[in-house]
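Biologist: Please take me through this structure one question at a time. I would like each reply to finish on the value or name I asked for.

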Amino acid sequence: VFDVPAAYTVTIGVPADKLSAVLQVTRPHTKCELAIDGNVQFRGFIDERQVSTTAQGTSLTLNGRDQLEELFDRYITAERTFTDMKLVELVESLMDEVYNPTGGYELQYNADVARRMMTGDESAKGSGGSPAKNGVTIALVSPDDPELHDLDDFIEKAQSKKVKKAPGDKTGETKWVLPSGQLDDPDAKTLVVPMRAIALASERTVRNAKERAAVIQYLKDQAKTLATTPGPPPKPTVTTKIGERMFDGVIKPELDRAGYFLWSAGPGIFVLAAPNVTQSPTTRIIRRLNGRNEGSAQIVSAQFRDGSVRRYSSVTVHAKSGSGAKSRTFKDGTAVDLEMMELGYVRPMAIQDAKCKTDEQAIALAKRKVAEARRSSWSLTYTLSGHTTLNTSGNRVVWAFDTTVEVIDEILGVEGVFYVDTVEHSGNPQKTTKLKLMRPADALFGDGSGTGADA
């Protein structure tokens with residue numbers, strides 16, 4: 001999630017008389033996927049191949065990255081101005097340019113589906129916050145019901161005729177709600193469907209599979225019918241420059257200021273969301289002084305790191321917007337690392353940033369910088385036997401990133417729920433999995449408050 005695109009290295013032994021044939025099907029940019037127990041962990045490309053021949057035999061090493069590499073490696077070749085565009089629209093516009101010519105892509109706004117497909121754990125639920133799609137207000141059911149939290153409640157209101165037309169706001173945007181009894185009517189003039197609603201609809205358990213499918217399709221159909229009346233003239237928001245990297249130079253700076261991440265997970269699913277550090281853990285790592293580690297994966301080794309060299313007591317972002325000497329307004333945002341202050345450090349950091357347009361963006365960027373510093377200085381890493389473990393329900397699941405795990409380590413004196421940042425699966429000489437864990441407060445909003453991804 002935090003370090004993209006994900007990378008892999010695979011080394012295999014190849015008989016000398018088969019090497020030529022294997023090389024024909026492992027050329028750079030060949031599509032590949034990695035799966036464990038049938039659960040796809042990774043879909044991407046081969047970037048490089050290396051052959052080593054010794055007296056012991058011939059081996060082939062493949063290096064590659066996930067499918068986000070195509071966006072990550074792309075440069076801006078023509079200047080463009082994105083006017084009055086939402087974050088999701090900006091990301092989708094650039095992803096369309098990269099992926100649509102080669103077959104398209106799937107972008108989701110929470111990680112629930114990808115998480116379950118990677119782990120095989122049907123009990124793994126919960127997603128981080130997601131941005132709204134296409135500028136549609138998330139006022140879905142009525143003016144006094146500002147956000148859809150439960151699909152069943154949404155259906156009940158629709159079927160009981162408690163939904164009404166919502167008036168347009170001062171920008172001229174027309175908003176409607178779902179007409180009663182028309183869940184499966186593709187001709188209904190309903191303009192209430194941000195992608196977050198679709199994500200919620202697709203993830204929640206509805207009364208039956210048929211109803212669930214009908215609701216999802218209806219919401220998708222309505223998302224395509226979005227229309228607005230003329231509003232104020234658009235204002236330039238993002239201008240790309242020739243030679244900029246599409247991801248690092250355009251997309252990531254906007255994500256940094258909004259508190260979201262873009263990553264690739266599971267069988268080729270792109271996710272645009274905040275990491276969910278508040279999801280309930282379904283796996284455990286236990287290490288007791290008496291050696292009785294019931295309910296835990298077998299620990300091969302453990303490493304703990306806690307430092308302060310790259311951390312700051314506070315980060316303040318200064319930004320200014322507008323044009324002309326008199327019309328410039330200054331935006332400031334500050335985030336505090338309470339842990340550093342409790343340790344007695346007075347080490348403030350200041351950043352000048354011209355892209356922040358609001359105080360909220362400046363605060364989000366400041367929090368992100370504090371979190372990045374905390375993540376670079378604190379980590380808890382376990383190497384475990386095997387690639388799978390038993391979850392709390394007794395079912396076997398695959399270790400995967402973007403999950404949480406309960407840790408009880410009496411040797412290190414560590415106890416709590418931790419977010420799984422990175423996962424390394426190794427098969428030589430034995431199957432092991434290395435988990436790098438982080439504290440939930442360090443995932444994004446690193447102010448030590450433990451507020452998690454939805455703060």
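Biologist: In which order do the three strands of the open sheet run?
Modeller: This is a predicted model. In it, three strands make up an open sheet whose pairing is mixed. Neighbouring strands in this sheet are turned against each other by 25° on average, direction ignored. The order is S6-S9-S8.

Biologist: Which are the edge strands?
Modeller: An edge strand pairs on one side only. That holds for the strand at 106–108 and for the strand at 261–265. The edge strands are S6 and S8.

Biologist: Which residue in S9 is the bridge partner of Leu262?
Modeller: S9 covers residues 269–273 and pairs with S8 in the antiparallel sense. The two strands are joined over five bridges. The partner of Leu262 in S9 is Leu272.

Biologist: What angle does the direction of helix H4 make with that of S9?
Modeller: Helix H3 (residues 87–99) lies across S6, S8 and S9, and runs at about 160° to S9. Helix H4 (residues 112–119) also packs on the sheet, where it touches S6, S8 and S9. The angle between H4 and S9 is about 135°.

Biologist: How are H8 and H10 oriented to each other, roughly parallel or roughly perpendicular?
Modeller: Helix H8 spans residues 246–258 and helix H10 residues 359–377, and their axes are 6 Å apart. They pack at an angle of about 100°. Angles of 65 to 115 degrees count as roughly perpendicular. H8 and H10 are therefore roughly perpendicular.

Biologist: How many residues of the contact of H8 with H10 are charged?
Modeller: From H8 the contact takes in Lys252, Leu255, Asp256 and Arg257. H10 contributes Gln361, Ala364, Leu365, Arg368 and Glu372. Three of these residues are nonpolar and one is polar, while the charged ones number five.

Biologist: Is Cys32 buried or exposed?
Modeller: A residue counts as buried under 20% relative accessible area. Cys356 meets this at 0%. The value for Cys32 is 17%, so Cys32 is buried.

Biologist: How many disulfides does the whole structure hold?
Modeller: A disulfide needs a pair of cysteine sulfur atoms within 2.5 Å. The search covered the whole structure. The number found is zero.

Biologist: What percentage of the residues in the chain is buried?
Modeller: The chain has ten helices and 20 strands. Among its contacts between residues at least 6 apart in sequence, 67% join residues at least 24 apart. Of the 455 residues in the chain, the buried ones make up 47%.

Conventions
Residues numbered from 1 in each chain as written. Predicted model: local features only at pLDDT ≥ 70, side-chain atom pairs only at ≥ 80, totals over all residues. Heavy atoms only, no water. Axes fitted to C-alpha atoms, helices over the stretch in contact; angles between N-to-C directions. Helix = DSSP H or I, 4+ residues; strand = E, 2+ residues; numbered from the N terminus. Parallel < 35°, antiparallel > 145°, perpendicular 65-115°, else oblique. Contact = heavy atoms within 4.5 Å. Nonpolar A, V, L, I, M, F, W, Y, C, P; charged D, E, K, R; others polar. Buried < 20%, exposed > 50% of the residue type's maximum accessible area, 1.4 Å probe, protein only. Pairing = 2+ DSSP bridges.
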